[in-house]
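Please open the model in a viewer and keep the sequence panel visible. The tour below proceeds by selection, with a short account of what is found at each stop.

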Amino acid sequence: MRVLFIGGTGTISSACADLAVRRGIDLTVLNRGSGRRSLPEGVETLTADGRDPAAVRDAVGDRTFDVVVDFVAFIPEHVAADVEQFRGRTGQFVFISSASAYAKPVGHLPITESTPLRNPFWQYSRDKIACEELLTREWRENGFPAVLVRPSHTYDRTMVPLDDGWTAVDRMRRGKPVVVHGDGTSTWVLTHHTDFAQGFVPLLGEPAVTGEAVHITSDEVLTWDGIARRLATAAGVEDPSIVHVPSDVIAREAPDRGPGLLGDKAHSVVFDNTVLKRLVPGFAATTSFAQGAREIVAHHDANPALQVVDPDVDARQDRLVERFG
């Protein structure tokens, strides 16, 4: 099977590339050649800016593919260019959307693929929705073989899945309180990137998924306090001090993080993965976050350059702890 990944070295796509090669897929990756993660041996690389249609045309030439996956399309103009480029030249086009597109506030749990899409808080999510709408029209009206895949907070060892990143882990180790939004009991789902790949790669070329949407997530449901405590345990901290701060207060204090908080992380989520498990029999996410947290801390401890403590974030946590602690 001939597959093209646009991207290929990101958190999600790197794990998918590795598994695709191990599964015998003839993989080509198109990106700018500046990714932080290396590609597995045997991958053909095309160097071009995936957002420059002329550069993509020059790089791809007259090739055709069984499947094209765009991991780095974020706005409708990106997918419109993909449709123009690959119409008639791929048997399937997979768009990586986002589970943050599901309606916020969440109307009911668990979330299924038929849960409405709406996010009044976060432009990123609204753009993903617009991309999905464009591809759905193309499928219905013109037969363009689109597939919509919705990840939800997929991570690897390079990422601390708290908004304050390594600064929060460093504060725990220094015995300082860390801020958790809300009352810490809202539920969240974290998916290890290798688990995502186990669900994703078998979908490539699968006729039953063309024209459909499917999310790929772990079945492990955690509270945000639980996430912070698992990171603390991995960092060798037995009893971390957690201070709860209303989400809207954090959003005002950190405007760059507010949309993602109010439009996603502040809302409890639980995902029904029935559709995925029907398409990929035997799928199961096997990496618990307790294990993932150990990977994250071990990787950061082994790479001191990653142990970045943001003084502005640290000071903001101090201010919030003083007000709400």
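**Salt bridges**

The structure, which is a predicted model, holds 22 salt bridges. Three of these pairs serve as the opening stops.

Select Arg-150 and Glu-132 to begin. These two residues form a salt bridge in which the closest N and O atoms are 2.7 Å apart. Arg-150 belongs to strand 6 (residues 146-151) and Glu-132 to helix 4 (residues 123-142), so the bridge ties together parts that are 18 residues apart in sequence. Are the two partners buried or exposed? Arg-150 is buried, at a relative accessible area of 4%, and Glu-132 is likewise buried, at 3%.

Next, select Asp-314 and Arg-174. Their side chains meet in a salt bridge with an N to O distance of 3.2 Å. This pair links distant parts of the chain, 140 residues apart: Asp-314 is in helix 12 (residues 311-324), whereas Arg-174 is in the loop between helix 5 (165-173) and strand 8 (178-181). Asp-314 is buried, with a relative accessible area of 13%, while Arg-174 is partly exposed, with a value of 41%.

Extend the selection to Asp-170, Arg-171, Lys-176 and Asp-318; together with Arg-174 and Asp-314, these residues are linked in a network of salt bridges.

For the third pair, select Asp-239 and Arg-229, whose side chains meet in a salt bridge at 3.9 Å, N to O. Asp-239 lies in the loop between helix 7 (224-234) and strand 13 (242-245), and Arg-229 lies in helix 7, with 10 residues separating the two in sequence. Asp-239 counts as exposed, at 66% relative accessibility; Arg-229 counts as partly exposed, at 37%.

**Helix 7 and its partner**

Remain with helix 7 and colour its buried residues: Trp-224, Asp-225, Gly-226, Ile-227, Ala-228, Leu-231 and Ala-232. Helix 7 is followed by Gly-236, which has a positive phi near 85°.

Now add helix 11 (residues 289-302) to the view. Helix 7 packs against helix 11 at an angle of about 50°, and their axes are 8 Å apart. That angle makes helix 7 oblique to helix 11. The crossing of helix 7 past helix 11 is right-handed. To display the contact, select Ile-227, Arg-230, Leu-231 and Ala-234 of helix 7, together with Phe-289, Ala-290, Ala-293, Arg-294 and Val-297 of helix 11. By class, this contact of helix 7 with helix 11 comprises 7 nonpolar, no polar and 2 charged residues.

**Helix 1 and helix 6**

A second helix pair is found by selecting residues 11-22, which are helix 1, and residues 193-200, which are helix 6. How far apart are the axes of helix 1 and helix 6, and at what angle do the helices pack? The axes are 8 Å apart and the angle is about 55°. Helix 1 and helix 6 are therefore oblique to each other. Helix 1 passes helix 6 in a right-handed crossing.

On the helix 1 side, select Thr-11, Ile-12, Ser-14, Ala-15, Cys-16 and Leu-19; these meet His-193, Thr-194, Phe-196, Ala-197, Gln-198 and Phe-200 in helix 6. The contact of helix 1 with helix 6 has 7 nonpolar, 5 polar and no charged residues.

Before leaving helix 1, select Val-21, which lies in this helix. Val-21 is partly exposed, with a relative accessible area of 25%. Beyond its neighbours within four places in sequence, Val-21 is in contact with Leu-27, Pro-40, Glu-41 and Val-43. The C-alpha atoms of Val-21 and Val-43 are 7.5 Å apart, although 22 residues separate the two in sequence.

**Backbone details**

The last stops concern the main chain. Most residues other than glycine have a negative phi, and most peptide bonds are trans.

Select Lys-104 and Pro-105: a cis peptide bond joins them, with omega at about -5°. Pro-105 is in the loop between strand 5 (93-96) and helix 4. Then select Leu-109 and Pro-110, which are also joined by a cis peptide bond, here with omega at about 0°. Pro-110 lies in the loop between strand 5 and helix 4.

Finally, select His-153 in the loop between strand 6 and strand 7 (154-155). His-153 is not a glycine, yet its phi is positive, at about 45°.

Definitions and conventions: Residues are numbered from 1 along each chain as its sequence is written. This is a predicted model: local features need pLDDT of at least 70, side-chain atom pairs count only at pLDDT 80 or more; totals for chains, interfaces and linings use all residues. Side-chain values use heavy atoms; hydrogens and water are left out. Axes are lines fitted to C-alpha atoms, for helices over the stretch in contact, and angles run from 0 to 180 degrees between N-to-C directions. Helices (H or I, at least four residues) and strands (E, at least two) are DSSP runs, numbered from the N terminus. Angles under 35 degrees count as roughly parallel, over 145 as roughly antiparallel, 65 to 115 as roughly perpendicular and the rest as oblique. A crossing is left-handed if the near helix is turned anticlockwise from the far one by less than a right angle, and right-handed if clockwise. Contact means heavy atoms within 4.5 Å. Ala, Val, Leu, Ile, Met, Phe, Trp, Tyr, Cys and Pro count as nonpolar, Asp, Glu, Lys and Arg as charged, and the others, Gly among them, as polar. A salt bridge is a side-chain nitrogen of Lys or Arg within 4 Å of a carboxyl oxygen of Asp or Glu. Buried means under 20% relative accessible area, exposed over 50%, partly exposed in between (1.4 Å probe, protein chains only).
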